[in-house]
Amino acid sequence: MTGTADVTALAANAHGFLSPTGVEILFVLVGIVTLGAAVVTVTTKQLVHAALWLVAALGGLAVEYLLLTAEFIAWVQVLIYVGSVVVLLLFGLMLTKAPIGRSPDADSGNRWAALAVAAAAAAALVWVVVDAFRATWIDLDGAVQGSTKVSGESLFRYWVLPFEALSVLLLAALVGAIVLSRRDIEGGSDKQPGKAGKGGER
């Protein structure tokens, strides 16, 4: 424990931990805006507005990647998450004919339990990240850390299984939206006036 604290202190003194640069200040400000957009995403009662606030939150993450000199990851964030995932969510809302306006029934009443679970998960993630990268510093003035070569080697060498699992998850979400929409169409076809009239004649 003492050795880790000494390494952290030396790293902080060497990199000026108490004298942040403009990039670091902007990083914190964008992070606050992104956090606010994420909170509004899960608290709003309008589903379409939640999807649009999710665009703002994911876009804020892309800006954070740009500030960390990870341009490739930032554009992947924009193309895949902002472009594809949010469009998939909007299509799911349209296919399932979700209400466009306010939805009071969207609140399940478990807000405090969800808040406690979210706070515990956030605390665990912060602790894990701080403990893992306690003495790690990114040189923003040096070579690009998030180039295509570096990101590709890391993705397809160490993170290929989570990447494929995420692809299967997105495919399952798309198939589920199609199944729900087809059930809704079949249920609606039974209520057509023509069929109801024929039943009345019988």
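# Exercises on an all-helical model

Of the 202 residues of the protein, 14% count as buried. The model is a predicted one.

## Exercise 1. Overall make-up

Task: State how many helices and strands the protein has, and describe its exposed area and its contacts.

Solution.
- Step 1. The secondary structure comes to eight helices and zero strands. Along the sequence this reads α-α-α-α-α-α-α-α.
- Step 2. The protein exposes about 14,900 Å², and carbon and sulfur atoms supply 71% of that area.
- Step 3. Take the contacts with a separation of 6 or more: residues 24 or more positions apart account for 74% of them.

## Exercise 2. Helix H2

Task: Compare the span of H2 with the span expected at 1.5 Å a residue, then work out where its buried residues lie around the axis.

Solution.
- Step 1. H2 covers residues 22-43. Its 22 residues should span 32 Å at 1.5 Å a residue, and the end C-alpha atoms are 32 Å apart, so the two values agree.
- Step 2. The buried residues of H2 are Val 30, Thr 34, Ala 37 and Thr 41. Seen down the helix axis, these buried residues fall within an arc of 60 degrees, so they line one face of H2.
- Step 3. Ile 32, Leu 35 and Val 42 are exposed on the other side of H2.
- Step 4. The cover over the buried residues of H2 includes H3.
- Step 5. Thr 34, in helix H2, serves as an example. Buried means under 20% relative accessible area. Thr 34 has 10% relative accessibility and therefore counts as buried. Not counting residues up to four places away in sequence, Thr 34 touches Ala 57, Gly 60 and Leu 61.

## Exercise 3. Helix H3

Task: Give the extent of H3, list its buried residues and name helices that cover them.

Solution.
- Step 1. H3 runs over residues 47-67, which is 21 residues. From its first C-alpha to its last, H3 reaches 31 Å, close to the 30 Å expected at 1.5 Å a residue.
- Step 2. The buried residues in H3 are Ala 50, Ala 51, Ala 57, Leu 58, Gly 60, Ala 62, Glu 64 and Leu 67.
- Step 3. Their cover includes helix H2 and H4.
- Step 4. After H3 comes Thr 69, which has a positive phi, near 60 degrees.

## Exercise 4. Two buried residues of H3

Task: Explain why Leu 58 and Glu 64 count as buried, and state what each touches beyond its neighbours within four places in sequence.

Solution.
- Step 1. Leu 58 lies in helix H3. Its relative accessibility is 11%, so Leu 58 counts as buried.
- Step 2. Leaving aside neighbours within four places in sequence, Leu 58 is in contact with Gln 77, Tyr 81, Val 82 and Val 86.
- Step 3. Leu 58 and Ala 74 are 16 residues apart in sequence, and their C-alpha atoms are 10.0 Å apart in space.
- Step 4. Glu 64 also lies in helix H3. With a relative accessible area of 9%, Glu 64 is buried.
- Step 5. Residues up to four places away in sequence aside, Glu 64 touches Phe 27, Val 30 and Gly 31.

## Exercise 5. Gln 77

Task: Decide whether Gln 77 is buried or exposed, and identify its contacts.

Solution.
- Step 1. Gln 77 is placed in helix H4.
- Step 2. The relative accessible area of Gln 77 is 7%, so this residue is buried.
- Step 3. Neighbours within four places in sequence left aside, Gln 77 is in contact with Leu 58, Leu 61, Ala 62, Tyr 65 and Val 82.
- Step 4. One of these partners, Ala 62, is 15 residues from Gln 77 along the chain, and the C-alpha atoms of the pair are separated by 5.8 Å.

## Exercise 6. The nonpolar patch

Task: List the residues of the nonpolar surface patch and state which helix gives the most to the patch.

Solution.
- Step 1. The patch is made by Val 87, Phe 91, Met 94, Leu 95, Leu 171, Leu 174, Val 175, Ile 178 and Val 179, and has an area of about 770 Å².
- Step 2. Helix H4 (71-95) and helix H7 (160-189) each supply at least two residues of the patch.
- Step 3. H7 gives the most, with five residues.
- Step 4. Phe 91 belongs to helix H4. Its relative accessible area is 46%, so Phe 91 is partly exposed.

Key. Residues are numbered from 1 along each chain as its sequence is written. This is a predicted model: local features need pLDDT of at least 70, side-chain atom pairs count only at pLDDT 80 or more; totals for chains, interfaces and linings use all residues. Side-chain values use heavy atoms; hydrogens and water are left out. Patches are made of residues with over 30% relative accessible area and no salt bridge: like charges are joined within 9 Å, nonpolar side chains (Val, Leu, Ile, Met, Phe, Trp, Tyr) within 5 Å. Accessible areas come from the Shrake-Rupley method with a 1.4 Å probe; for residues, only the protein chains shown count as cover. A salt bridge is a side-chain nitrogen of Lys or Arg within 4 Å of a carboxyl oxygen of Asp or Glu. Helices (H or I, at least four residues) and strands (E, at least two) are DSSP runs, numbered from the N terminus. Buried means under 20% relative accessible area, exposed over 50%, partly exposed in between (1.4 Å probe, protein chains only). The expected span of a helix is 1.5 Å times one less than its number of residues. Contact means heavy atoms within 4.5 Å. The arc is that of the directions from the helix axis to the C-beta atoms.
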